[in-house]
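Please look over the model shown below before reading on. The paragraphs that follow go from one helix outward to its surroundings, and then to the sheet, a pocket and a few single residues.

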Amino acid sequence: MSKKRGLSLEEKRSRMMEIFHETKDVFRLKDIEKIAPKAKGITPMSVKDVLQSLVDDNMVDTDQRGTSKYYWAFPSKDFNVRQRKQEELQKRISEEKQQKSSLEREIEKAKEGRQDTKERSSLLKELNSLREEQTQQKAELKRRSDCDPEVLEEKRKTCAVGQEAVTRWTDNIFATKSWTKKKFDFDDNNLNKAFGIPEDFDYMN
């Protein structure tokens with residue numbers, strides 16, 4: 001029989017993120033060390049390192065309260081990460097377009113007299129290289145259709161402020177619920193009834 005293959009680092013990271021996204025809760029390290037092996041098959045010895053790698057990559061937030069350190073990663077975190085990546089791609093494409101325009105102007109100047117100079121040949125090669133890179137960037141943006149610049153721009157204009165506010169308050173409610181459950185040993189049903197929170201309360205899609 002072949003030996004069962006262990007989880008790779010990326011698989012462990014992905015499964016640990018599932019814990020945060022599925023529970024929408026705030027944890028201490030010892031909580032994660034109990035949950036991760038049983039729920040996601042992450043070896044106990046690797047839990048701390050995997051969690052720290054997610055913190056280092058800004059995928060999981062952390063804060064110190066007294067002697068305890070808390071960790072959380074609400075679903076809105078993923079949206080912000082994707083948005084930052086999309087903005088980085090937009091910036092790179094804008095810079096490439098500016099450079100392309102500059103090179104095209106230089107090429108037009110080089111065409112005066114129609115001389116086939118070494119400088120003109122060099123500029124043409126660089127222009128072709130930039131065109132190929134721009135094509136690759138467009139293909140990358142197409143693959144990230146959920147982050148299409150024009151679509152996101154429209155959404156950003158119409159609902160960015162409202163969406164951020166709703167998300168921020170939803171984060172606060174989940175964090176408050178988590179703290180209250182741990183502090184006063186409430187269950188979800190009693191807590192929701194006490195504060196008038198709907199049973200289907202969740203993040204907006």
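Which residues are buried in helix α3 (residues 44-56)? This is a predicted model, in which local features need pLDDT of at least 70 and side-chain atom pairs count only at pLDDT 80 or more, while totals for chains, interfaces and linings use all residues. Residues are numbered from 1 along each chain as its sequence is written, and side-chain values use heavy atoms, with hydrogens and water left out. In helix α3, the buried residues are S46, V47, V50, L51, S53, L54 and V55, where buried means under 20% relative accessible area, exposed over 50%, and partly exposed in between, computed with a 1.4 Å probe on protein chains only. Helices here are DSSP runs of H or I with at least four residues, strands are runs of E with at least two, and both are numbered from the N terminus. The partners against which the buried residues of α3 pack are α1, α2, β2 and β3, a contact being heavy atoms within 4.5 Å.

For the wider setting, the protein has 7 helices and 3 strands, and along the sequence these follow the pattern α-β-α-α-β-β-α-α-α-α. Of the 205 residues in the protein, 29% are buried. Among the contacts with a separation of 6 or more, 62% are between residues 24 or more positions apart.

One residue that meets α3 is R13, which lies in helix α1 (residues 9-23). R13 counts as buried because its relative accessible area is 9%. Leaving aside its neighbours within four places in sequence, R13 is in contact with V50, S53, L54, D57 and M59. With S53, the side chain of R13 makes a polar contact of 3.0 Å, a term that stands for a pair of N or O atoms within 3.5 Å, of which, within protein, one must be able to donate a hydrogen and the other to accept it, residues adjacent in sequence counting only if both atoms are side-chain atoms.

The three strands come next. They form an open sheet in the order β1-β3-β2, with antiparallel pairing, two strands being paired if DSSP finds at least two bridges between them. Because β1 (27-28) and β2 stand at the edges with a single partner strand each, one side of each is left without a neighbour in the sheet. Between β2 and β3 there are 5 bridges; D61 stands opposite W72 in β3, and Q64 has K69 in β3 as its bridge partner. These two strands form a hairpin with 2 residues between them, and G66 in the turn has a positive phi of about 65°.

Most residues other than glycine have a negative phi. Against that background, two further positions deserve a look. K24, in the loop between α1 and β1, has a positive phi near 50° and is not a glycine; at 17% relative accessibility, K24 counts as buried. N58, placed just after α3 in the loop between α3 and β2, is likewise not a glycine and has a positive phi of about 65°, but N58 counts as partly exposed, at 36% relative accessibility.

The second largest pocket has a volume of about 350 Å³. On a 1 Å grid over the protein atoms alone, a pocket is an open set of points where a 1.4 Å probe fits, with protein on both sides within 12 Å along at least five of seven lines, and lining residues have an atom within 4 Å of a point. Grid points are joined across faces, edges and corners, and the volume is the space filled by probe spheres set on the points. The lining consists of V26, D63, R65, Y70, W72, F74, D171, A175, S178, W179, K182 and K183. At least two lining residues each come from β2 (61-65), β3 (68-72) and α6 (149-184), and α6 gives the largest share, 6 residues. By class, the lining has 6 nonpolar, 1 polar and 5 charged residues, where Ala, Val, Leu, Ile, Met, Phe, Trp, Tyr, Cys and Pro count as nonpolar, Asp, Glu, Lys and Arg as charged, and the others, Gly among them, as polar.

Two C-alpha distances complete the tour. K34, in helix α2 (residues 29-40), is exposed, with a relative accessible area of 60%, and its C-alpha atom is separated by 8.0 Å from that of P44, 10 residues apart along the chain. L124, in helix α5 (residues 118-143), is partly exposed at 30% relative accessibility, and L124 and I107, 17 residues apart in sequence, are 7.3 Å apart from C-alpha to C-alpha.
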